[in-house]
Number of protein chains: 2
Amino acid sequence: MTSPLDPNADRPLFKQLADRVREQIRTGELPPGHKLPSLHRLADMYGVGVATVEDALAQLRGEGLIETRKGVGSFVLEEAERRLVTVEGPAFVEARMPTPDEQRELGLPAQGVPVLVVEEDGQEKVLPANRTRLEIPPR
Amino acid sequence: MTSPLDPNADRPLFKQLADRVREQIRTGELPPGHKLPSLHRLADMYGVGVATVEDALAQLRGEGLIETRKGVGSFVLEEAERRLVTVEGPAFVEARMPTPDEQRELGLPAQGVPVLVVEEDGQEKVLPANRTRLEIPPR
DNA sequence: TAAAATTTGTGCGTATGTATT
DNA sequence: AAATACATACGCACAAATTTT
């Protein structure tokens with residue numbers, strides 16, 4: 001059963017709730033594509049306000065674990081197909097969060113997915129991290 | 001001067017406000033290390049509620065642009081010193097958001113900084129993206 | 001030392017709007 | 001048209017951390 005959250009704990013309620021759901025995703029209890037209960041439902045289940053549930057889900061969106069569709073609900077994100085990108089070198093690689101423009105251009109979920117920045121041949125490539133795996137071949 | 005936000009625009013107020021501040025950071029009008037006005041002050045300046053300012057700053061934290069210290073204020077993030085990590089290959093590189101555990105272990109700001117995951121020699125290294133630059137040497 | 005003021009964090013409620021079913 | 005569900009915006013109260021007096 002779901003043990004209740006602890007209002008007197010050091011950790012705030014919305015983080016406790018995020019921890020619960022994150023753990024259920026990690027263990028596969030909530031598999032990719034699964035729809036979470038509604039905000040109102042979760043609020044009832046855990047005995048907190050709707051705003052608190054919103055905060056918890058915002059946290060998980062920020063970690064790239066779920067996606068929320070307005071008027072529909074929140075879903076555990078499917079593992080995206082990763083394109084293998086070969087980096088021969090010499091090159092430099094960094095990672096950072098995308099700008100809002102890049103989010104649109106790369107078709108990223110609203111939040112929570114970083115980009116890979118590859119500098120090679122004097123030019124810069126910005127790649128969506130959820131659909132990219134860099135391959136560094138043997139020397 | 002700061003032109004007011006538009007409550008009737010398609011874009012929500014907190015995103016409009018985030019856009020303003022992001023632009024000021026980008027242009028250098030708000031340089032690294034600079035302290036932002038307080039929530040209450042920003043709310044007055046832009047004619048919105050404090051909660052709306054909170055949402056806007058949460059957005060910017062999620063983008064890794066600012067850091068907020070409780071009881072003190074929000075600051076434009078300094079550019080961190082980057083350690084050059086050489087990846088000889090063969091190897092694979094991915095990027096993702098850190099778990100809360102990794103955030104603590106790597107000393108990352110509360111939100112908004114991804115990690116680089118390097119698979120090399122059959123083992124996995126998790127590196128803080130704000131302090132790491134991968135170097136792929138010439139073949 | 002102590003107290004007060006400032007500032008952010010958390011939690012909840014309410015109202016309204018928008019998207020989907 | 002109606003019900004459901006999420007998004008936005010604001011206000012209030014209290015807690016916690018820090019800074020100033």
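Which residues come nearest to DNA strand D? Of the 19 residues around that strand, L39(A), E54(A), L13(B), G49(B) and T52(B) come nearest, where a residue is near a molecule or strand if one of its heavy atoms lies within 4 Å of it.

## Basis of the model

This is a predicted model, in which local features need pLDDT of at least 70 and side-chain atom pairs count only at pLDDT 80 or more, while totals for chains, interfaces and linings use all residues. Residues are numbered from 1 along each chain as its sequence is written, chains are lettered from A and ligands numbered from 1 in the order in which they are written, and side-chain values use heavy atoms, with hydrogens and water left out.

## The surface near DNA strand D

Sugar or phosphate accounts for 90% of the atoms of DNA strand D within 4 Å of the protein, and the rest belong to bases. Several polar contacts (pairs of N or O atoms within 3.5 Å; within protein, one must be able to donate a hydrogen and the other to accept it, and residues adjacent in sequence count only if both atoms are side-chain atoms) can be described for chain B. A polar backbone atom of F14(B) is 3.2 Å from a phosphate oxygen of DNA strand D, and a backbone N or O atom of G49(B) lies 3.1 Å from a phosphate oxygen of this strand. In K70(B), an N or O atom of the side chain is 3.4 Å from a sugar or linking oxygen of DNA strand D.

The elements giving two or more residues to this surface are β1 (66–69) of chain A together with α1 and α3 of chain B; helices (H or I, at least four residues) and strands (E, at least two) are DSSP runs, numbered from the N terminus. By class, the surface near DNA strand D divides into 8 nonpolar, 7 polar and 4 charged residues, with Ala, Val, Leu, Ile, Met, Phe, Trp, Tyr, Cys and Pro counted as nonpolar, Asp, Glu, Lys and Arg as charged, and the others, Gly among them, as polar.

## The surface near DNA strand C

Around DNA strand C there are 20 residues, of which L13(A), G49(A), T52(A), L39(B) and E54(B) come nearest. Of the atoms of this strand within 4 Å of the protein, 88% belong to sugar or phosphate and the rest to bases.

Phosphate oxygens of DNA strand C lie 3.0 Å from a backbone N or O atom of G49(A), 2.2 Å from an N or O atom in the side chain of T52(A), and 2.9 Å from an N or O atom in the side chain of E54(B). Two or more residues each are given to this surface by α1 (13–27) and α3 (50–62) of chain A and by β1 (66–69) of chain B, and α1(A) provides the largest share, 3 residues. The surface near DNA strand C has 8 nonpolar, 7 polar and 5 charged residues.

## Helix packing in chain A

Helices α1(A) and α3(A) pack at an angle of about 50°, with their axes 8 Å apart; axes are lines fitted to C-alpha atoms, for helices over the stretch in contact, and angles run from 0 to 180 degrees between N-to-C directions. The two helices are therefore oblique to each other, given that angles under 35 degrees count as roughly parallel, over 145 as roughly antiparallel, 65 to 115 as roughly perpendicular and the rest as oblique. In contact (heavy atoms within 4.5 Å), L13(A), F14(A), L17(A), A18(A), V21(A) and R22(A) of α1(A) meet T52(A), V53(A), D55(A), A56(A), Q59(A) and L60(A) of α3(A).

Helix α2 (residues 39–46) of chain A packs against α3(A) at an angle of about 105°, with the axes 8 Å apart, which makes α2(A) roughly perpendicular to α3(A). This contact joins L39(A), H40(A), L42(A) and A43(A) of α2(A) to V50(A), V53(A), E54(A) and L57(A) of α3(A), and its residues divide into 6 nonpolar, 1 polar and 1 charged.

## Helix packing in chain B

In chain B, the axes of α1 (residues 13–27) and α3 (residues 50–62) come within 8 Å and cross at roughly 55°, so α1(B) is oblique to α3(B).
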